[in-house]
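Student: I am new to this structure and would like a close look at one helix. Please take that part slowly, and then place it among its surroundings.

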Amino acid sequence: MSEAIAAQLPATESVLPKQRGLYFAGEWHEATGARSFETFSPGSGKSLGQVAEAGEADVAAAIGAAHAAFPEWSAVPPLERARILRELARIVRENAHELALLDAVDCGNPVRAMVGDANIASAQIELFAGLVTEMKGASIPMGPGRLNVSVREPLGVVARISPFNHPFMFAAAKIAAPLAAGNTVLIKPPEQAPLSALRLAELAGDLFPPGVFNVVTGSSREVGAWIVADPRVAKVGLIGSVAAGQAVMRNSADALRPVLLELGGKNALIAYPDADPDAVAQAMVAGMNFAWCGQSCGSTSRVFLHGDIHDAVLARVAEHIQAFTPGLPEAWDTTMGALASKAQYDRTLHYIETGRAEGATVFAGGKRPDTPALAEGYFVEPTIFTGVTSDMTIARDEIFGPVCSVLRWQDEATMLAEVNALDVGLTCSIWTRDFDAALRTATAVEVGYVWVNEVSKHFVGAPFGGKKQSGIGREECIEEMLSFTDLKNIHMKFAG
């Protein structure tokens, strides 16, 4: 089956978007002064061509188009908005392999995994299409002659700023909730991998009235800052680093603009002594998301193994990690791709050297692969450190690379204190056969998303988000859609 699918994949050149400009008001625009920046494939180092570099006037024009389109789109009946979103989901599904290949060459993730991203995006779009009639208010009894009701109204222009690890999935999936609620949207795709957002506009821009769906590209941080600073933007949704989230909040403060932030994590996988060592070993590898080089905010990059099973788990990890071998992202049989940029590559190698210098032991990986075909790309082997303690840099910083730290524990209270010691709290995976231990630990960990005897998976409709500096708000659920509405109360006294 995989060979048949691989044979159906189009040529890499054929999936690149033809349009490289800014998409707003239902049309393609050249950036002011015809400015552009070059984008490269992290797997080969080859140029993928030029992309428009938006200036401040371009950003203002795109936001103006979204602002002007808001009254018309917000007046579209909910079921009609749902029909359009379902058509968007169909387009995404039908072009999943093409879009996956585009993301593979542009962001470095393997094409087979990116097909899954496209399918997740279509499922999330359909989720919000089905929820349009759930934007309900309530009535309050007031006695005869009076009516008191609350209604939900869309906010206006919503800006979505997305990262480089899942470019197309975030571009497509994260517009669904605000559009379903009646808002217009402006996408700022990552400068490292902007092409799939442009391709989305080519494929689906005509579905919406002009100005409802807009894409602005740029390599400068100023582009995001201009978007956030514009008073016509009603809300900003960001997926990114803690630092990026803090910048968005600062720039939104003067306008008291609400934000939806899904930020970083240094997530724990906790294995109790009664857990099955082989299942834990598989979970360690799966939880690191090695397919996309650990570049996932939910990766369980801190593994707390109880001393009783520590060695048994590691013996099995050595076998399971072999399933992930770096390869060219556009090859169907590749199981692990390239890091998204030279900056991420250099950062990862720096942390590996820091881990060694601070006394941790490289159990697996720890270097770039020797394969000649990969010489021009940003590849690093899946890396596991043992002998890690909680005061080490690799146990505290979010590396956002294929680096996993293993810590040994004996006392539950001490272990939980170490798990909760960081300023971030996104996910946690707990492995045990003991129901009491599972519930006790799930309650104690300071995170927003917990798996028990499971890892890494997201579930459509289940709220995803973090505590502490891992973010504000929840996504992938009805609460995400409702967060793009305002609640208005209307009180009426009957005349006569």
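Tutor: A residue is called buried when its relative accessible area is under 20%, exposed when that area is over 50%, and partly exposed in between. The model is predicted. By that cut-off, helix α5 is mostly covered, since 11 of its 12 residues are buried. The buried residues of α5 are A96, E98, L99, A100, L101, L102, D103, A104, V105, D106 and C107.

The length of α5 can be checked as well. The helix covers residues 96–107, and at 1.5 Å a residue its 12 residues should span 16 Å; the C-alpha atoms at its two ends are 16 Å apart, so expectation and model agree. Just after α5 comes G108, which has a positive phi of about 95°.

Next, the nonpolar interior. The largest nonpolar core has 68 residues, and the members that touch the most others in it are L88 and F213. Helix α6, residues 111–130, supplies the largest share of this core, with 10 residues. Leaving out residues up to four places away in sequence, L88 touches I125, I175, L200, A204, L207 and F208. Another core, of 52 residues, lies apart from the largest one and has M284, F304, V317 and I399 among its members.

Two single residues show what burial looks like in other parts of the chain. T217 sits in the loop between β9 (213–215) and α10 (221–229). With a relative accessibility of 1%, T217 counts as buried. The side chain of T217 reaches the backbone oxygen of A52 at 2.7 Å. Residues up to four places away aside, T217 touches G21, L22, F37, V51, A52, E53, A54, P189, P194 and L198.

V233 belongs to strand β10, which covers residues 233–239. The relative accessible area of V233 is 3%, so V233 is buried too. Beyond its neighbours within four places in sequence, V233 is in contact with I63, V157, A159, I227 and R257. Between V233 and K18 there are 29 Å in space, C-alpha to C-alpha, and the two are 215 residues apart in sequence.

Charged pairs complete the picture. Side chains of opposite charge can pair when their charged atoms come close. The structure holds 21 salt bridges. One of them joins R160 and E475, whose closest N and O atoms are 2.7 Å apart. R160 lies in strand β7 (residues 157–161) and E475 in the loop between β21 (471–472) and α17 (478–482), so this pair ties together parts that are 315 residues apart in sequence. R160 is buried at a relative accessible area of 4%, and E475 is buried at 2%.

The salt bridge between E202 and R199, at 2.7 Å from N to O, is set within one helix. Both residues are in α9 (residues 195–204), and because they are three residues apart, about one helical turn separates them. E202 is partly exposed at 22% relative accessibility, while R199, at 19%, counts as buried.

K457 and E454 form another salt bridge, with their closest N and O atoms 3.7 Å apart. K457 is partly exposed, its relative accessible area being 45%, and E454 is partly exposed at 27%. Finally, R160, K174, E475 and E480 are joined into one network by salt bridges that share partners.

Technical notes. Residues are numbered from 1 along each chain as its sequence is written. This is a predicted model: local features need pLDDT of at least 70, side-chain atom pairs count only at pLDDT 80 or more; totals for chains, interfaces and linings use all residues. Side-chain values use heavy atoms; hydrogens and water are left out. Helices (H or I, at least four residues) and strands (E, at least two) are DSSP runs, numbered from the N terminus. Buried means under 20% relative accessible area, exposed over 50%, partly exposed in between (1.4 Å probe, protein chains only). A polar contact is a pair of N or O atoms within 3.5 Å; within protein, one must be able to donate a hydrogen and the other to accept it, and residues adjacent in sequence count only if both atoms are side-chain atoms. Contact means heavy atoms within 4.5 Å. The expected span of a helix is 1.5 Å times one less than its number of residues. A nonpolar core is a set of buried Ala, Val, Leu, Ile, Met, Phe, Trp, Tyr and Cys residues joined through side-chain atoms within 4.5 Å. A salt bridge is a side-chain nitrogen of Lys or Arg within 4 Å of a carboxyl oxygen of Asp or Glu.
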